[in-house]
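Reader: I am new to this structure and would like a close look at a single part of it. Please take the aromatic residues and what lies around them, and go through them step by step.

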Amino acid sequence: MPTRNGGCLCGAVRYECSGEPQFALQCHCRDCQRQSGAPHVAAVRMPAANFRVTQGTPKRYRAKSDAGNEITRVFCGDCGTPLYVEVSTRPDIVGLRVCTFDDPSWFRPDANIFVKSAQPWDHLDPAVPTFATYPAGKSY
C-alpha cells in the first residue's frame, strides 16, 4: 500500500495516509465551492483507519452539507488551508483534499459530483462521468 504525505500551506499541520482511494472525485457542490474558493474540489475518500495527523492540531468547522449530513471540515488554523472532511454518517472514511498531498499528480477522478451546482465557466473533462448529486452507492 502506498503511503502519501501532505499538509497545509504554512506547514503547521501534516498528515499521512496509506492505501488506495475508495473514491476519487471532483465535487461541485456550493459548500465545497465556498470553502475552497474554487469552482470544484478534487478529493479522495480514504479509509480513516489508514489516516493520521502527524504534526499540529487542525481546527474544525461543523455544519450540514448540501446532502443534509453533518460534515466536519478540517483546516489549518494558521493559514486556513482546507485539509479534509469527516462525515457523521461515514466515520470509516476521510475525504482528503487532493492538492494538500505533497505530490497530487497521481490523482485521476472517477466522477464529477454535484454538477447541478457546477459553474458554467468551469469546463468539465467529457471523459469523466458526471452526476447531478452522488453516483449510486457513493453517497454519504
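Author: What follows goes through the aromatic pairs, then the core, the cavity and two single residues.

The model is a predicted one. The count of aromatic pairs in it comes to five. One of them joins Tyr15 and Phe51, whose ring centres are 5.6 Å apart and whose planes are at 45 degrees, a tilted arrangement. Tyr15 belongs to strand β2, residues 14-18, and Phe51 to strand β5, residues 51-55, so this pair ties together parts that are 36 residues apart in sequence. Tyr15 has a relative accessibility of 1% and counts as buried, because the limit for buried is under 20%. Phe51 falls under that limit too, with a relative accessible area of 12%, and is buried.

Phe51 also pairs with Tyr84. Their ring centres are 4.8 Å apart and their planes are at 65 degrees, so this pair is edge-to-face. The cut-off behind that word is an angle over 60 degrees. Here again distant parts of the chain are linked: Phe51 is in strand β5, while Tyr84 is in strand β8, residues 82-87, and the two are 33 residues apart. Both Phe51 and Tyr84 are buried.

The aromatic cluster takes in further residues: Tyr15, Phe51, Tyr84, Phe101 and Trp106 form one cluster. Trp106 has a charged neighbour as well, since the charged end of Arg4 sits over the Trp106 ring at 3.8 Å from its centre.

Some members of the cluster return in the nonpolar core. The largest such core has 18 residues, and Val44, Phe51, Tyr84, Leu96 and Phe101 are those with the most contacts inside it. Strands β2, β4, β8 and β9 each supply at least two residues of this core. Strand β4 gives the most to the core, three residues.

Next comes the empty space inside the model. The structure holds one cavity of 30 Å³ or more, and the volume of the largest cavity is about 210 Å³. Its lining is made of 23 residues, and Cys27, Cys32, Ile71, Tyr134 and Tyr140 lie nearest the centre. Two or more lining residues come from each of β3 (23-27), α1 (30-36), β4 (41-47), β7 (70-75), β8 and β9 (90-97). Strand β4 provides the largest share of this lining, four residues. Strand β4 is thus named twice, as it also gives the most to the largest nonpolar core. By type, the lining of the largest cavity divides into 15 nonpolar, three polar and five charged residues.

Two single residues remain. Phe114 lies in the segment after β10, which spans 111-113. Its phi is near 55 degrees, a positive value in a residue other than glycine. Most residues other than glycine have a negative phi. Phe114 has a relative accessible area of 5% and is buried.

Ala38 is placed in the loop between α1 and β4. At 29% relative accessibility, Ala38 counts as partly exposed. Ala38 and Gln119 are 81 residues apart in sequence, while their C-alpha atoms are 9.8 Å apart in space.

Terms used: Residues are numbered from 1 along each chain as its sequence is written. This is a predicted model: local features need pLDDT of at least 70, side-chain atom pairs count only at pLDDT 80 or more; totals for chains, interfaces and linings use all residues. Side-chain values use heavy atoms; hydrogens and water are left out. Rings of Phe, Tyr and Trp (its six-membered ring) pair if their centres lie within 6.5 Å; planes under 30 degrees apart count as stacked, over 60 as edge-to-face and the rest as tilted. Buried means under 20% relative accessible area, exposed over 50%, partly exposed in between (1.4 Å probe, protein chains only). A charge sits over a ring if NZ of Lys or CZ of Arg is within 6 Å of the ring centre and within 35 degrees of the ring normal. On a 1 Å grid over the protein atoms alone, a cavity is a set of points where a 1.4 Å probe fits but cannot get out, and a pocket is an open set with protein on both sides within 12 Å along at least five of seven lines; lining residues have an atom within 4 Å of a point. Grid points are joined across faces, edges and corners, and a volume is the space filled by probe spheres set on the points. Ala, Val, Leu, Ile, Met, Phe, Trp, Tyr, Cys and Pro count as nonpolar, Asp, Glu, Lys and Arg as charged, and the others, Gly among them, as polar. A nonpolar core is a set of buried Ala, Val, Leu, Ile, Met, Phe, Trp, Tyr and Cys residues joined through side-chain atoms within 4.5 Å.
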